[in-house]
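Student: I should like to learn how the features of a structural model are to be read. May we take them one at a time?

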Amino acid sequence: MFPSDTVLGVFFISQICMGFMGNSMLFISYMYTVLSQSPLKKPIDLIFIHLTFVNILTIMFKLIPDLMSSFGVRHFLDDVGCKVTLFVYRVTRGLSICLSTFLSAFQAITISPGHSKWVRLKSKFSTCVYPSFLFFWILNTLIYVIITKTLEANHNFTVARSAYAQIYCQSKQLEQHHLMAFLSVILIRDLLCVVFMMLSSIYMVNLLYKHHQRTQCIHSPNVSSQPSPEIKATHTILLLVSCFVFFYCLNNFLTLYLIYRQNPRLERINGIIASCYPTICSFVLMKNNKIISKSMFSFQR
């Protein structure tokens, strides 16, 4: 085992601990609100519960195999383990993208003013939370269920493949048109999510800016000298969408590169990149939701 592998292993351990503990605390917090404080629960709490749960699965099923390989553990997964591990990781990663976009759209519609053309969607949007969850699960399951049939354990502990796999797995040869169709569906899904998330974020930033301009004149000098909730929310929205676009675009680029080029160490680095957004997004989303909630009453007046 090379020293660089040990360094990567330390990164994996740190990311697993931080991602698992952070998402777990948020998951327990929102579950407590939903189960024991029913009058206080909101539809957005259900989205946070689902998102944090999906993020936990994404982090664990991606990073634990990479961690084992970094410390030189051979044959960690058999054929069934490969199929299950890669399938759960890919499905939950897709769900994380879809749910983050759905949450961003939900926040944008929620803070839209009463005279907005989106006001009719406010009451209906909360009723489509569960159907949306079901749709996202079915969509991502159908995308990845076929590819699992081509996977098997990599007994030579190398990365030899022509489609998606992890360090312990390799895929059987796929026909070129099947591979291109598979990759096209994934890229279209990710592109649509990125576009919708950027549009909803731009809409929220625009609303927050206009709201800040209207309220600035009635703030006292002492209050106006402090960063307003609108400014804080704008910063977190921009941070969130920047992280979303950067990490997922970089992850997709490296994944496409690794399909055609064998590089075990780059595969492990890509694992860190793939888990960055699920690790940090819940903290940013929760902070953003709290800041927006502070100015919610003013938006509705």
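**Reading the model**

Tutor: Let us begin with one residue: glutamine 15 has its place in helix H1 (residues 3-36). Helices and strands are DSSP runs, numbered from the N terminus, with H or I over at least four residues for a helix and E over at least two for a strand. This is a predicted model, in which local features need pLDDT of at least 70 and side-chain atom pairs count only at pLDDT 80 or more, while totals for chains, interfaces and linings use all residues. Residues are numbered from 1 along each chain as its sequence is written, and side-chain values use heavy atoms, with hydrogens and water left out.

Student: Does glutamine 15 count as buried or exposed?

Tutor: Buried means under 20% relative accessible area, exposed over 50%, and partly exposed in between, with a 1.4 Å probe and protein chains only. Glutamine 15 counts as buried because its relative accessibility is 8%. In space, its C-alpha lies 8.3 Å from that of isoleucine 59, although the two are 44 residues apart in sequence. Phenylalanine 20 is also found in helix H1, but it is partly exposed, since its relative accessible area is 39%. Its C-alpha atom is separated by 9.3 Å from that of threonine 52, 32 residues away along the chain.

Student: What share of the residues of the protein chain counts as buried, and how many helices and strands are there?

Tutor: Of the 301 residues, 50% count as buried. The secondary structure comes to 10 helices and 2 strands, and along the sequence the pattern reads α-α-α-α-α-β-β-α-α-α-α-α.

Student: How is confidence read, and what does the protein chain average in pLDDT?

Tutor: pLDDT is the predictor's confidence in each residue, from 0 to 100. Where it is low, the predicted coordinates should not be read in detail. Here the chain averages 76, and 73% of the residues score at least 70. Among the elements, helix H5 has the highest mean pLDDT, 91, and helix H10 (residues 296-300) the lowest, 49.

Student: Which residues does UniProt list for "transmembrane region"?

Tutor: UniProt positions are given in the numbering used here, feature names are shortened, and annotations may be inferred rather than shown by experiment. The unreviewed UniProt entry lists residues 6-32, 44-64, 127-147, 181-205, 237-260 and 266-286 under that name. In the model, residues 44-64 are 100% helix and 0% strand, with end C-alpha atoms 30 Å apart. Residues 127-147 are 81% helix and 0% strand, and their end C-alpha atoms lie 33 Å apart.

Student: Where does serine 275 lie, and is it buried or exposed?

Tutor: Serine 275 lies in helix H9 (residues 264-294) and counts as buried because its relative accessibility is 0%. Its C-alpha is 8.5 Å from that of asparagine 55, with their positions 220 residues apart in sequence.

Student: How is empty space found, and how much of it lies in the largest pocket?

Tutor: Rolling a probe the size of a water molecule over the atoms shows where empty space is left. On a 1 Å grid over the protein atoms alone, a pocket is an open set of points where a 1.4 Å probe fits, with protein on both sides within 12 Å along at least five of seven lines; lining residues have an atom within 4 Å of a point. Grid points are joined across faces, edges and corners, and a volume is the space filled by probe spheres set on the points. The largest pocket holds about 540 Å³.

Student: Which residues lie nearest the centre of the largest pocket, and which helices supply its lining?

Tutor: Of 18 lining residues, Thr101, Phe102, Ala105, Phe196 and Ser200 lie nearest the centre. Helices H3 (79-111), H5 (129-145) and H6 (176-216) each supply at least two lining residues, and H6 gives the largest share, 7 residues.

Student: How many disulfides are counted?

Tutor: A disulfide is a pair of cysteine sulfur atoms within 2.5 Å, and the count comes to 0. Cysteine 193 is in none; the nearest cysteine sulfur, that of cysteine 98, is 4.2 Å away. Cysteine 193 counts as buried because its relative accessibility is 8%, whereas cysteine 249, at 42%, counts as partly exposed.
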